[in-house]
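Colleague: I should like a close look at a single part of this model, namely its nonpolar core and the helix that matters to it. Please set out the packing and the individual residues in one connected account.

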Amino acid sequence: MAVKTPPKELPALVILITFTLSLILWWFLLRGKVPATTDMVMFSYPDKCVNLEAVQKGFIPLWNPYNDCGLPHLANWVSAFFYPFFWIWSLTGLSSGWIPLCLLHQVFAMAGFYLWMKSEKIHPTWSALGAISFAGSAFMVYCWSYPQLLGAAAWIPWIFGSARWALQNRGPLKWMPLFLFCGLQTLAGYPFFTFYTFLFLLLWLEFQRPPRADRLGLWGALGLALDRKSTRLNS
């Protein structure tokens with residue numbers, strides 16, 4: 001039996017699909033290209049080259065011998081070696097996979113923002129417009145040169161949406177999605193975004209006036225996410 005889409009969600013689906021198709025178009029137009037900004041050439045691309053070179057040799061990149069007289073690499077948050085989505089470059093190569101990975105994070109940001117807005121009982125059309133405004137903003141496009149910023153920003157709506165979902169449900173595992181998304185954001189390699197995300201998330205939670213169990217659940221999820229980050233950097 002076919003499931004009918006509610007009429008009020010049709011405009012939202014059209015908006016989201018149109019935006020996704022535009023990203024696919026950019027995928028084909030920018031194949032094999034990378035942004036040519038100053039920091040991209042000096043830091044973003046070379047740092048990811050160090051990651052890729054080490055992986056291909058079967059090592060973890062503890063040291064970057066190419067900057068200055070050599071710099072610690074794994075301990076440098078910009079390297080984001082443990083961020084899972086950057087491992088895709090091991091299969092695609094940097095030049096071929098750079099833009100597709102950036103566009104993929106914009107899809108993540110769009111989907112997360114839309115679901116978050118719907119959880120806040122906002123009309124689907126306005127949720128969709130807000131989602132593409134966030135995912136397709138000039139800032140997100142600018143971050144094509146800074147994948148660690150793009151990765152950290154893409155998970156912000158997922159973090160807030162999963163916190164809302166946890167407050168609306170019961171069970172000991174309801175905080176696991178929040179732990180997952182917070183962990184992905186911290187691994188993406190831009191701790192400033194993580195700090196402000198956690199700060200505003202805590203302020204938002206207090207505004208909801210949750211019971212003590214939910215406060216402990218949120219603090220536990222945030223603490224585990226940060227602990228995984230520090231453990232991997234110290235290993």
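Modeller: The account below begins with the core, continues with helix packing, and ends with individual residues.

The model is a predicted one. Its largest nonpolar core comprises 62 residues, and those with the most contacts inside this core are Y83, L178, L201 and L218. Helix α4, residues 94-119, gives the most to the core, contributing 13 residues. As a general point, nonpolar side chains in soluble globular proteins tend to be buried together.

One of the core residues with the most contacts, Y83, offers a suitable entry point. Apart from residues up to four places away in sequence, Y83 touches H105, G151, W155, L184, L187 and A188. Among these partners of Y83 is H105, a residue of helix α4. H105 has a relative accessible area of 2%, and the cut-off for a buried residue is under 20%, so H105 is buried. Leaving aside neighbours within four places in sequence, H105 is in contact with Y83, F85, L150, G151 and A154. G151 thus appears in the contacts of Y83 and in those of H105.

The contacts of H105 lead to the packing of α4 with another helix. Two packed helices are described by the angle between their axes and the distance between the axes. The axes of α4 and helix α7, residues 147-154, come within 9 Å and cross at roughly 20°. Angles under 35 degrees count as roughly parallel, so α4 is roughly parallel to α7. The crossing of this pair, α4 and α7, is left-handed. On the α4 side, the contact is made by W98, C102, H105, F108 and A109, and on the α7 side by P147, L150, G151 and A154. Sorted by class, the contact of α4 with α7 has seven nonpolar residues, two polar residues and no charged residues.

A second packing arrangement involves α4 and helix α2, residues 38-56. The axes of α2 and α4 come within 12 Å and cross at roughly 110°. Angles from 65 to 115 degrees count as roughly perpendicular, and α2 and α4 are therefore roughly perpendicular to each other. The crossing of α2 and α4 is right-handed. In this contact M40, S44, Y45, K48, C49 and L52 of α2 meet L94, S95 and W98 of α4. The residues of the contact of α2 with α4 divide into six nonpolar, two polar and one charged. W98 of α4 takes part in the contact with α2 and also in the contact with α7.

Another group of contacts involves helices α8 and α9. S162 is found in α8, residues 156-168. With a relative accessible area of 5%, S162 is buried. Beyond its neighbours within four places in sequence, S162 is in contact with P177, L178 and F181. L178 is also among the core residues with the most contacts. P177 lies in helix α9, residues 176-187. At a relative accessible area of 26%, P177 is partly exposed. Not counting residues up to four places away in sequence, P177 touches S162 and W165. P177 and F139 are 38 residues apart in sequence, and their C-alpha atoms are 26 Å apart in space.

Q208 lies in helix α10, residues 191-208. Its relative accessibility of 27% places Q208 in the partly exposed class. Outside residues up to four places away in sequence, Q208 touches R164 and L167. The C-alpha atoms of Q208 and A166, which are 42 residues apart along the chain, are separated by 12 Å.

Two residues deserve attention for their backbone. Most residues other than glycine have a negative phi. A80, however, has a phi near 50°, a positive value in a residue other than glycine. A80 lies in the loop between β2 (71-72) and α3 (89-92), and A80 is buried, with a relative accessible area of 3%. K121 also has a positive phi, near 65°, and is a residue other than glycine. K121 is found in the loop between α4 and α5 (124-135). The cut-off for an exposed residue is over 50%, so K121, at 71% relative accessibility, counts as exposed. Of these two loop residues, A80 is therefore buried, whereas K121 is exposed.

Terms used. Residues are numbered from 1 along each chain as its sequence is written. This is a predicted model: local features need pLDDT of at least 70, side-chain atom pairs count only at pLDDT 80 or more; totals for chains, interfaces and linings use all residues. Side-chain values use heavy atoms; hydrogens and water are left out. A nonpolar core is a set of buried Ala, Val, Leu, Ile, Met, Phe, Trp, Tyr and Cys residues joined through side-chain atoms within 4.5 Å. Buried means under 20% relative accessible area, exposed over 50%, partly exposed in between (1.4 Å probe, protein chains only). Helices (H or I, at least four residues) and strands (E, at least two) are DSSP runs, numbered from the N terminus. Contact means heavy atoms within 4.5 Å. Axes are lines fitted to C-alpha atoms, for helices over the stretch in contact, and angles run from 0 to 180 degrees between N-to-C directions. Angles under 35 degrees count as roughly parallel, over 145 as roughly antiparallel, 65 to 115 as roughly perpendicular and the rest as oblique. A crossing is left-handed if the near helix is turned anticlockwise from the far one by less than a right angle, and right-handed if clockwise. Ala, Val, Leu, Ile, Met, Phe, Trp, Tyr, Cys and Pro count as nonpolar, Asp, Glu, Lys and Arg as charged, and the others, Gly among them, as polar.
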